[in-house]
Amino acid sequence: MLWSRIPVTNRSLTCPKRPPIQNLQNATTTAPGDIKKITPAQADKFLSQIAAANSIATRNRTLAICSRFFNWAVKTLRTRVNPFTGIKSIREERRADIVYCTPTEREEYIAAAKKSEWSEWLAIPIAFYAGLRREEISRLEWPDIRFKEGIIVVQETKTGKPREVPLAAVLEKILTEVPVHERRGYVVKCPDDLDRLWRMDNPTTLLLREPLP
């Protein structure tokens with residue numbers, strides 16, 4: 001099958017992240033491996049099923065993944081059209097249960113991360129001060145942090161287009177404390193550690209949260 005032959009690495013994909021093709025084909029009754037026969041109507045129906053079984057956020061993420069995949073497939077002549085072109089994201093309602101850190105809690109969290117002897121603690125201030133998503137942090141490389149220009153360039157985003165994020169002075173101070181000879185390759189060396197951190201029941205997260213009231 002086409003999608004089973006697409007080379008994938010942990011950090012960066014040769015093609016965009018593979019969509020749930022098998023689920024898509026189950027929903028559209030398209031023959032396995034034949035992505036050329038998937039129509040816009042079938043793509044829209046598939047996304048509606050995703051939203052009904054999961055959430056609007058999951059539906060929008062699936063749309064982004066599928067759209068990027070089919071754009072790649074068109075460019076590489078694996079299909080002629082992207083059936084997800086023209087399908088819009090659905091606006092999500094703001095959640096009422098989101099709890100925001102106070103400035104004091106934020107500083108205590110970062111200080112606890114730095115003292116925890118966790119090698120990837122820089123992910124915490126980057127998340128706070130730059131607002132990068134987990135996947136964006138895991139793919140961030142030191143050359144993407146443009147100290148002279150005062151920006152962070154996020155190369156791979158949910159939309160598939162690079163974007164520039166202002167480099168806050170407080171974050172710049174933290175990052176410049178890293179020795180120059182260590183500023184090579186990925187900022188986060190072990191993305192698996194970052195994934196574990198984002199799970200709220202993880203011991204590392206509990207350790208970092210311990211100083212907070």
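Trainee: Over how many bridges do β1 and β2 pair in the antiparallel sense?

Mentor: This is a predicted model, so a few ground rules help: local features need pLDDT of at least 70, side-chain atom pairs count only at pLDDT 80 or more, and totals for chains, interfaces and linings use all residues. Residues are numbered from 1 along each chain as its sequence is written, and side-chain values use heavy atoms, leaving out hydrogens and water. Strands (E, at least two residues) and helices (H or I, at least four) are DSSP runs numbered from the N terminus, and two strands pair if DSSP finds at least two bridges between them. For β1 and β2, the antiparallel bridges number two.

Trainee: Which residue in the turn of the β1 and β2 hairpin has a positive phi?

Mentor: Ile145 has Ile152 of β2 as its bridge partner. Four residues lie between the two strands of the hairpin. In that turn, the residue with a positive phi, about 70 degrees, is Gly150.

Trainee: Which are the edge strands of the open sheet?

Mentor: The sheet has three strands in the order β1-β2-β3, with antiparallel pairing. β2 also pairs with β3, over four bridges, and there Ile151 faces Pro166 while Val153 faces Glu164. The strands that pair on one side only, and so form the edges by definition of that pairing, are β1 (145-146) and β3 (163-166).

Trainee: Which residues of β2 point the other way from Ile151 and Val153?

Mentor: Side chains of a regular strand alternate between the two faces of the sheet. The four β2 residues in question are all buried, meaning under 20% relative accessible area with a 1.4 Å probe and protein chains only (over 50% is exposed, in between is partly exposed). Pointing the other way from Ile151 and Val153 are Ile152 and Val154.

Trainee: Which element gives the most residues to the largest nonpolar core?

Mentor: A nonpolar core is a set of buried Ala, Val, Leu, Ile, Met, Phe, Trp, Tyr and Cys residues joined through side-chain atoms within 4.5 Å. The largest one has 25 residues, and Leu122, Leu132 and Ile152 are among those with the most contacts inside it. Two or more residues come from each of α4 (103-115), α5 (123-130), β2 (151-154) and α7 (169-176). With five residues, the element that gives the most is α5.

Trainee: Why are the buried residues of α7 on the same side, and how many degrees does their arc cover?

Mentor: The buried residues are Leu171, Ile174 and Leu175, and they pack against α5, β1 and β2, with contact meaning heavy atoms within 4.5 Å. On the other side of α7, Ala169 and Lys173 are exposed. The arc uses the directions from the helix axis to the C-beta atoms, and the three share a side because they cover only 95 degrees.

Trainee: Which residues do ring pairs link into a cluster?

Mentor: Rings of Phe, Tyr and Trp (its six-membered ring) pair if their centres lie within 6.5 Å; planes under 30 degrees apart count as stacked, over 60 as edge-to-face and the rest as tilted. Phe69 and Phe70, with centres 5.4 Å apart and planes at 85 degrees, are therefore edge-to-face. Phe69 and Trp72 are tilted, at 5.7 Å and 45 degrees, and both are buried. The cluster links Phe69, Phe70, Trp72 and Phe84.
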